[in-house]
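Thanks for coming. I will show one structure and then go through it piece by piece.

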Amino acid sequence: MSIELNKIKIIKLGEKNYPEKLKNIYAKPQILYALGNIELLNSKSIAIIGCRQCSEYGKKNAFKFAYQLAKNGICVISGLARGIDTFAHWGALKANGSTIAVLGSGLNEIYPPENRELYEQILKKNGAIITEYPLNSKPEKYHFPARNRIISGLSAGVLVVEAKKRSGTLITVEHALEQGKDVYAIPGNINSDNSYGTNELIKEGAIPVTRIEDFMI
């Protein structure tokens, strides 16, 4: 898939259309490349994040809460990655709601490749796809921890669906805390590796989420 250059919106720091919510974060991106509805970048939103190797429990809850948030007019932000991200985006789309995907690659490099259809559906249904990386940038490993600050920066809060003891998901939580955002977590089975991180976050003060009314937005 090759993007027509005239469809890409380039947003530079200091310009009028630069997202207000990113202006005060640490290491704010100097430039954003965007496709789709960039008005969503200033909308009321929640990020949904979690394991790539997620459980059925995680998939179900990522989809359910994304669906419910989107039905209530909240934009769902995630990273187009395998696992929780994928189900969060699909949940928002199923609700005919809004979703933003923040990439760790250029707009011409869909990663993972099996999410090509999801990528296309986000654009078809008036969502947005953004990245700070130039058009043909490969999905380098170090790009993903860096892009997480944008995921949390654009959101009012971050919902962690599943996270292992050592998880990249927790990097996003660190960014969210630095940025003064609310951190939410779904309680999980204490015998599940995928729930170790979420249960620890709740013990440390994250807001436990078991229903849509638990969000403070």
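Which side chain meets Arg-149 in a salt bridge? Glu-132 does, at 2.8 Å from N to O. Before going further, note that this is a predicted model.

Let me stay with that pair. Arg-149 sits in helix α4, while Glu-132 belongs to the loop between β6 and α4, so the salt bridge ties together parts that are 17 residues apart in sequence. Both residues are buried. For Arg-149 that fits its surroundings: α4 is mostly covered, with nine of its eleven residues buried. Among those nine are His-143, Phe-144, Arg-147, Ile-150 and Ile-151.

There are seven salt bridges in the structure. I will show two others. In one, Lys-138 is joined to Glu-109, and the closest N and O atoms are 3.1 Å apart. Lys-138 is in the loop between β6 and α4, and Glu-109 is in the loop between β5 and α3, so this pair ties together parts that are 29 residues apart in sequence. Lys-138 has a relative accessible area of 46%, which means it is partly exposed.

The other links Lys-203 and Glu-200, at 2.7 Å from N to O. These two both lie in helix α6, three residues apart, or about one turn of the helix. As background, an α-helix has 3.6 residues a turn, so residues three or four places apart point the same way. Lys-203 counts as exposed because its relative accessibility is 64%. Glu-200, at 23%, counts as partly exposed.

Glu-200 leads to Pro-187. The two are 13 residues apart in sequence, and their C-alpha atoms are 9.3 Å apart in space. Pro-187 is placed in the loop between β8 and α6, the helix of residues 196-203. Is Pro-187 buried or partly exposed? Its relative accessible area is 27%, so the answer is partly exposed. Beyond its neighbours within four places in sequence, Pro-187 is in contact with Tyr-57, Asn-199, Ile-202, Pro-208, Val-209 and Thr-210.

Next, the strands. Strand β7 covers residues 157-160, with Gly-157 and Leu-159 pointing one way and Val-158 and Val-160 the other. All of these residues are buried. Which strands pair with β7? One is β3, residues 45-49, in the parallel sense over four bridges. Another is β8, residues 182-185, also in the parallel sense and over four bridges. Gly-157 is a useful marker here: Ile-46 stands opposite it in the pairing of β3 with β7, and Asp-182 is its bridge partner in β8. Between β7 and β8 comes helix α5, residues 169-178, and the three together make a right-handed β-α-β unit.

Now the interior. The largest nonpolar core has 29 residues, and the members that touch the most others are Ile-100, Val-102, Ile-130 and Leu-154. Ile-130 serves as an example. Outside its neighbours within four places in sequence, it is in contact with ten residues named here in full: Leu-32, Tyr-33, Ala-34, Leu-41, Ile-100, Ala-101, Val-102, Leu-103, Ile-150 and Leu-154. A second, separate core holds 22 residues, including Ile-46, Ala-62, Ile-74 and Val-161. Ile-46 is the residue we met opposite Gly-157.

Helix α3, residues 116-124, has a sided arrangement. Its buried residues are Leu-118, Tyr-119, Gln-121 and Ile-122. Why do they count as being on the same side of α3? Because they cover an arc of only 165° around the axis. On the other side, Glu-117 and Lys-124 are exposed. The cover over the buried residues of α3 includes β2, α2, β5 and β6. After the helix comes Asn-126, with a positive phi, near 70°.

The last stop is Gln-30, in the loop between β1 and β2. At 52% relative accessibility, against a cut-off of 50%, Gln-30 counts as exposed. Gln-30 and Lys-12 are 18 residues apart in sequence, yet 5.9 Å apart in space, C-alpha to C-alpha. Leaving aside neighbours within four places in sequence, the contacts of Gln-30 are Ile-11, Lys-12 and Leu-13.

That is the tour. I will take questions now.

Technical notes: Residues are numbered from 1 along each chain as its sequence is written. This is a predicted model: local features need pLDDT of at least 70, side-chain atom pairs count only at pLDDT 80 or more; totals for chains, interfaces and linings use all residues. Side-chain values use heavy atoms; hydrogens and water are left out. Buried means under 20% relative accessible area, exposed over 50%, partly exposed in between (1.4 Å probe, protein chains only). Two strands pair if DSSP finds at least two bridges between them. A crossover is right-handed if, with the strands pointing away from the viewer, the path from the first strand over the helix to the second runs clockwise. A nonpolar core is a set of buried Ala, Val, Leu, Ile, Met, Phe, Trp, Tyr and Cys residues joined through side-chain atoms within 4.5 Å. Contact means heavy atoms within 4.5 Å. The arc is that of the directions from the helix axis to the C-beta atoms. A salt bridge is a side-chain nitrogen of Lys or Arg within 4 Å of a carboxyl oxygen of Asp or Glu.
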